[in-house]
Amino acid sequence: MAKIEIDNGSGFCFGVTTAISKAEEELERTGVLYCLGDIVHNAGEVERLQKKGLITVDHDEFAKLHNVKVLLRAHGEPPSTYETARRNNIEIIDATCPVVLQLQKRIKDAYAKSSAPAKDAENEPLIIIYGKPGHAEVNGLVGQTGGSAVVIQDKTDLDNLDLDRDIWLYSQTTKSIEGFQEIVAEIKSRKTAGSFQWFDTICRQVANRMPKMRDFAAGHDVILFVSGAKSSNGKVLYAQCKEVNPKTYLITDETELDPAWIENAESIGICGATSTPRWLMQKVAEACNANEGNDTKD
């Protein structure tokens, strides 16, 4: 009989918890609320809130709204979103994560400084953001620079950049510290001129989960990593678990559990991304229990 443990360090981070709390408070009052983009990268949680009255819209649909309330999720938004809201008399419920807000301000201030009228436009510092192109948070960060910042995912993206310009490097808050350090080292090794400043803007609440999750993964025969398909953080944390424990399986919910994975396992660990709700990990535990009489530790 296998022991089942749900990782106490997994689940919603502070920013996601706050966003969902704000949504639930408004839905309790009025029964309807728009949200720009999925409130969290987890289909199960999005569906749960939709049943309460949350309506998810994309940017094109957002631009057509007037005189309504719209929640901005933890990822943050570029200045153009706020301008659209002002123009259309949309009341914003801003749930942008404080860590993301601080990073937006830093990049905005850096861009204002770098592009000041007294500056030589040809020698403006190149602002680089280490992150996932098209990610909501990254779009918000690039928006602080009027679209001029360059987004890179890995060191191969540096090949087409003039690295002998002055460079200011920032990071999406949910990227790995190791990945960021690798980018810093690569830029240093390639530069032959110009200055280079880098700013570690990775959220430590998220980053600190990685070593703890590696320990958790190493302590079980099988790991079931629960995460939405759109979660960038989920992909990073899953890879960390998989590296430590090859018997790590990525699932979006309990329906994807293959009984063969946990057959003969003496201990099963269940963990997830910062966008994975606790109730979903619990459902996975229940599915494991349904296969055989296991003991769950939560």
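Trainee: Over how many bridges do strand 6 and strand 8 pair?
Mentor: First off, this is a predicted model, where local features need pLDDT of at least 70, side-chain atom pairs count only at pLDDT 80 or more, and totals for chains, interfaces and linings use all residues. Residues are numbered from 1 along each chain as its sequence is written, and side-chain values use heavy atoms, without hydrogens or water. Helices (H or I, at least four residues) and strands (E, at least two) are DSSP runs numbered from the N terminus, and two strands pair if DSSP finds at least two bridges between them. Strand 6 and strand 8 (residues 167-171) run in the parallel sense, and the number of bridges is five.

Trainee: Which residue in strand 8 stands opposite Ile 127?
Mentor: Stay with the pairing of strand 6 and strand 8. Across from Ile 127, on strand 8, you'll find Trp 168.

Trainee: Which strands sit at the edges of the sheet with the order 7-6-8-9?
Mentor: That sheet is open, has four strands and pairs in parallel. From one strand to the next, the twist averages 25 degrees. An edge strand pairs on one side only, and here that goes for strand 7 (150-152) and strand 9 (196-198).

Trainee: At what angle to strand 8 does helix 5 run?
Mentor: Axes are lines fitted to C-alpha atoms (for helices, over the stretch in contact), with angles from 0 to 180 degrees between N-to-C directions. Helix 5 (residues 98-114) lies across strand 6 and strand 8. Against strand 8, its direction makes about 165 degrees.

Trainee: What is the order of the open sheet whose edges are strand 3 and strand 5?
Mentor: Strand 3 (54-57) and strand 5 (91-94) each pair on one side only. Neighbouring strands there are turned by 35 degrees against each other on average, direction ignored. There are four strands in parallel pairing, in the order 3-2-4-5.

Trainee: Which helix packs on that sheet?
Mentor: Look around strand 4 (residues 69-72), which four bridges join to strand 5, with Val 70 opposite Ile 92. The helix touches strand 2 (33-36), strand 3, strand 4 and strand 5, and its direction makes about 165 degrees with that of strand 4. Its residues are 14-30, which is helix 1.

Trainee: Are helix 1 and helix 2 roughly parallel or roughly antiparallel?
Mentor: Their axes come within 11 Å and cross at roughly 20 degrees. Contact means heavy atoms within 4.5 Å, and Ile 20, Glu 24 and Leu 27 in helix 1 meet Glu 45, Arg 48 and Leu 49 in helix 2. Angles under 35 degrees count as roughly parallel, over 145 as roughly antiparallel, 65 to 115 as roughly perpendicular and the rest as oblique. Helix 1 and helix 2 are therefore roughly parallel.

Trainee: How does helix 9 lie relative to helix 10, roughly parallel or oblique?
Mentor: The axes of helix 9 (residues 209-218) and helix 10 (residues 232-244) come within 8 Å and cross at roughly 40 degrees. That makes the arrangement of helix 9 to helix 10 oblique.

Trainee: What kind of aromatic pair do Tyr 130 and Phe 180 make?
Mentor: Rings of Phe, Tyr and Trp (its six-membered ring) pair if their centres lie within 6.5 Å; planes under 30 degrees apart are stacked, over 60 edge-to-face and the rest tilted. The model has five aromatic pairs by this rule. For Tyr 130 and Phe 180, the centres are 6.4 Å apart and the planes at 40 degrees, so the pair is tilted.

Trainee: How many residues apart are Tyr 130 and Phe 180?
Mentor: Tyr 130 belongs to strand 6 (residues 126-130) and Phe 180 to helix 7 (residues 177-190). The pair links distant parts of the chain, and the separation in residues is 50.
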